[in-house]
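Let's take a walk through this protein together. Have a look at the sequence and the model first, and then we'll go through the main features one by one.

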Amino acid sequence: MEPPDTQTSQTSPDHLDPRLRVKIQRLHQLTVYGRWLFVGILWISIAPLSLWGWRYELSLLQEHFTWSGLRYSIAFNRLPILGLALCIGMTTAVLVWQSRNILFGIPPVEKQRLAHQVRRICHQGPSHPLWKWVCDRT
């Protein structure tokens with residue numbers, strides 16, 4: 001067996017001081033809020049525009065639904081479908097990402113990335129937009 005690398009073991013997320021762990025947790029929480037804010041903005045802005053662009057086909061499908069009608073309405077209205085697919089895809093991606101973090105914990109690579117980002121934010125000081133929420137509350 002090889003001895004563990006001292007540099008890797010010292011910078012691993014499990015060996016961080018408690019104050020840095022709290023800052024990493026705050027940054028992760030801000031990341032979660034930011035992702036859900038982005039998804040909410042997508043649903044508020046792009047989804048209504050996409051549904052508006054697809055309104056005629058939706059009214060036809062409400063009267064006479066067929067699978068071929070749905071297929072052709074999707075095939076000939078690509079931009080509204082891409083907008084709805086973007087909203088659904090981003091929502092699904094954030095749900096899967098957050099579920100993975102809740103069920104299995106934050107992966108070590110992501111913890112290291114967050115620790116590096118916290119150090120960068122704290123080093124930059126009050127000029128960084130996230131400094132107030134991450135580093136100021138010690």
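## Buried or exposed

A residue counts as buried when its relative accessible area is under 20%, as exposed when that area is over 50%, and as partly exposed in between. C87, with a relative accessible area of 0%, is under that 20% cut-off and is therefore buried. Across the protein, 28% of the 138 residues count as buried. Keep in mind that everything here comes from a predicted model.

## The overall layout

What is the protein built from? It has seven helices and zero strands. Read from the N terminus on, the elements simply go α-α-α-α-α-α-α.

The chain also folds back on itself. Take the contacts between residues at least 6 apart in sequence: 70% of these join residues at least 24 apart. One pair to look at is V22 and V134, which sit 112 residues apart along the chain. Their C-alpha atoms are separated by 8.7 Å. V22 belongs to helix α2, and with 41% relative accessibility it counts as partly exposed.

## Two nonpolar cores

Which residues make up the largest nonpolar core? There are ten of them: L16, L20, I24, L27, L114, A115, V118, I121, V134 and C135. Two elements, α2 (18-53) and α6 (108-124), each give two or more residues to this core. The largest share comes from α6, with four residues.

I121, one of the ten, is a handy spot to zoom in on. Setting aside residues up to four places away in sequence, I121 touches L27, H128, L130, W131 and C135. There is also a second, separate core, this one with eight residues, including L42, A47, W54 and L70.

## One disulfide

In general, a disulfide is a covalent bond between the sulfur atoms of two cysteines. How many turn up in a search of the whole structure? Just one disulfide is found. The partners are C122 and C135, with 1.8 Å from S to S. The link is left-handed, at -95 degrees about the S-S bond.

Where do the two cysteines sit? C122 is in helix α6, while C135 is in the segment after α7 (131-134). They are 13 residues apart, and the pair links distant parts of the chain. Their surroundings are worth a look as well: C122 is partly exposed, with a relative accessible area of 27%, whereas C135 is buried at 7%. C135 is also listed above as a member of the largest nonpolar core.

## A small network of charges

A search of the whole structure turns up two salt bridges. Which residues are linked in the network? R100, E110 and R113 are. In one bridge, E110 pairs with R100, and the closest N and O atoms are 3.0 Å apart. Because E110 lies in helix α6 and R100 in helix α5 (residues 78-104), this pair ties together parts that are ten residues apart in sequence. The other bridge joins the side chains of R113 and E110, at 3.8 Å from N to O. R113 and E110 are three residues apart in helix α6, so about one helical turn separates them.

Is E110 buried or exposed? At 11% relative accessibility, E110 counts as buried. Its two partners are partly exposed: R100 has a relative accessible area of 32%, and R113 has 40%. Leaving out neighbours within four places in sequence, E110 is in contact with H28, W97, R100 and N101.

## Where two helices pack

Two packed helices are described by the angle between their axes and the distance between the axes. For α2 and helix α3 (residues 55-63), the angle is about 65 degrees and the axes are 5 Å apart.

Which residues make this contact? From α2 come L51, W52 and G53, and from α3 come R55, E57 and L58. Sorted by type, the residues of the contact of α2 with α3 are three nonpolar, one polar and two charged.

Notes. Residues are numbered from 1 along each chain as its sequence is written. This is a predicted model: local features need pLDDT of at least 70, side-chain atom pairs count only at pLDDT 80 or more; totals for chains, interfaces and linings use all residues. Side-chain values use heavy atoms; hydrogens and water are left out. A nonpolar core is a set of buried Ala, Val, Leu, Ile, Met, Phe, Trp, Tyr and Cys residues joined through side-chain atoms within 4.5 Å. Buried means under 20% relative accessible area, exposed over 50%, partly exposed in between (1.4 Å probe, protein chains only). Contact means heavy atoms within 4.5 Å. A disulfide is a pair of cysteine sulfur atoms within 2.5 Å. A salt bridge is a side-chain nitrogen of Lys or Arg within 4 Å of a carboxyl oxygen of Asp or Glu. Axes are lines fitted to C-alpha atoms, for helices over the stretch in contact, and angles run from 0 to 180 degrees between N-to-C directions. Ala, Val, Leu, Ile, Met, Phe, Trp, Tyr, Cys and Pro count as nonpolar, Asp, Glu, Lys and Arg as charged, and the others, Gly among them, as polar.
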